[in-house]
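Visitor: I am new to this one. Could you walk me through it and give reasons as you go?

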Amino acid sequence: METIARELLNAVLYTRIDGQLCAGRIVETEAYAGTVDRACHAYGGRRTKRTEIMYLPGGHAYVYLIYGIHHLFNVVTHRKDQPHAVLIRALEPLEGVEVMIRRRNRPDNPYKLTGGPGLLTRALGITTRDSGVDLTGDRIWLEESGEPVPEKTIVRGPRIGVDYAGADALLHRRYWIKDNPWVSGKK
DNA sequence: CTGACGATTCACT
DNA sequence: GTGAATCGTCAGC
């Protein structure tokens, strides 16, 4: 749901995986709007073992493998059987930075530690094993950061990497915090 | 069973 | 700027 994609900006994503606590502030998201969105894995009402997670009630994690290499993390946002989700595209690291650096094992550009959907899952230790986990649990969870993002500093634009979605690729369902250096991709 | 391909990242020209 | 990496998922036979 698009409202939730906006609301998730500034929320803090925590993981406690392999005994390591990590946290990052969400600075970029994308909304995937269920069965009528060509860019959504559940387009047309498709239900498979993988996409079944998106049909769970909001508050679960939907994680999948892309290009055989990267794990992408989403928050399921709607009620049961409404397969909407928000992809977390970028974080600003807050806690466990040393752990993230070790997991990423590539200390070139610091903004690339968690500045991309495949990068932040690597840094936080999230994999497809975590698909379906309850985000109110103690392995992966979200917390409000207090201050909501001022409306003026939220920017929106077309989603990235969904050209196959035809006209739906043009919809402005990507949200990010203006001028935040951790935001991935281009304008 | 088989083949095509992806909500990406990185190395290299 | 281009192309490779790499494998689970999915549709089709």
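**Reasons behind the labels**

Guide: Start with Tyr14, which is buried at a relative accessible area of 13%. Keep in mind that this is a predicted model.

Visitor: Why is Tyr14 called buried?

Guide: Buried means under 20% relative accessible area. Tyr14 has 13%, so Tyr14 counts as buried.

Visitor: What about Trp141: buried or exposed?

Guide: Buried. The relative accessible area of Trp141 is 14%, and the limit is 20%.

Visitor: How many aromatic pairs does a search of the whole structure find?

Guide: The search finds three. One of them joins Tyr14 and Trp141.

Visitor: What makes the pair of Tyr14 and Trp141 stacked?

Guide: Two values decide. A pair of aromatic rings is described by the distance of the centres and the angle of the planes. For Tyr14 and Trp141 these are 5.2 Å and 5 degrees. Centres must lie within 6.5 Å, and planes under 30 degrees apart count as stacked. The pair of Tyr14 and Trp141 meets both limits, so the label is stacked.

Visitor: Why does the pair of Tyr14 and Trp141 tie together parts of the chain?

Guide: Tyr14 is in strand S1 (residues 12–17) and Trp141 is in strand S6 (residues 140–143), so the pair ties together parts 127 residues apart in sequence.

Visitor: Why is the pair of Tyr111 and Trp182 called edge-to-face?

Guide: The ring centres of Tyr111 and Trp182 are 4.8 Å apart, and the planes stand at 80 degrees. Over 60 degrees counts as edge-to-face. The angle of 80 degrees passes that limit, so the pair is edge-to-face. This pair also links distant parts of the chain, 71 residues apart. Tyr111 is in the loop between helix H2 (97–104) and H3, and Trp182 is in the segment after strand S8 (174–177).

Visitor: Which class do Tyr111 and Trp182 fall into, buried or partly exposed?

Guide: They split. Tyr111 has 38%, between the limits of 20% and 50%, so Tyr111 is partly exposed. Trp182 has 14%, so Trp182 is buried.

Visitor: How do you know that the charged end of Arg47 sits over the ring of Tyr55?

Guide: The distance to the ring centre is 4.0 Å, and the limit is 6 Å. The direction must also be within 35 degrees of the ring normal. Arg159 lies over the face of Tyr32 too, at 4.7 Å from the ring centre.

Visitor: Why is H3 called mostly covered?

Guide: Six of the eight residues of H3 are buried. Among them are Pro117, Leu120 and Leu124. The cover includes S1, strand S2 (20–33), S4, S5 and H2. Just after H3, Gly125 takes a positive phi of about 85 degrees.

Visitor: What makes Asn74 a polar contact of DNA strand B?

Guide: An N or O atom in the Asn74 side chain is 2.4 Å from a base nitrogen of DNA strand B. The cut-off is 3.5 Å, so this pair counts as a polar contact. The side chain of Tyr64 also has an N or O atom 3.1 Å from a base nitrogen of that strand.

Visitor: Which part of DNA strand C does the side chain of Thr48 approach?

Guide: A phosphate oxygen. A polar side-chain atom of Thr48 lies 2.3 Å from that oxygen. The side chain of Arg50 has an N or O atom 3.3 Å from a phosphate oxygen of DNA strand C.

Technical notes. Residues numbered from 1 in each chain as written. Chains lettered and ligands numbered in written order. Predicted model: local features only at pLDDT ≥ 70, side-chain atom pairs only at ≥ 80, totals over all residues. Heavy atoms only, no water. Polar contact = N/O pair within 3.5 Å; in protein donor to acceptor, adjacent residues only side chain to side chain. Phe/Tyr/Trp six-rings, centres within 6.5 Å; stacked < 30°, edge-to-face > 60°. Helix = DSSP H or I, 4+ residues; strand = E, 2+ residues; numbered from the N terminus. Buried < 20%, exposed > 50% of the residue type's maximum accessible area, 1.4 Å probe, protein only. Contact = heavy atoms within 4.5 Å.
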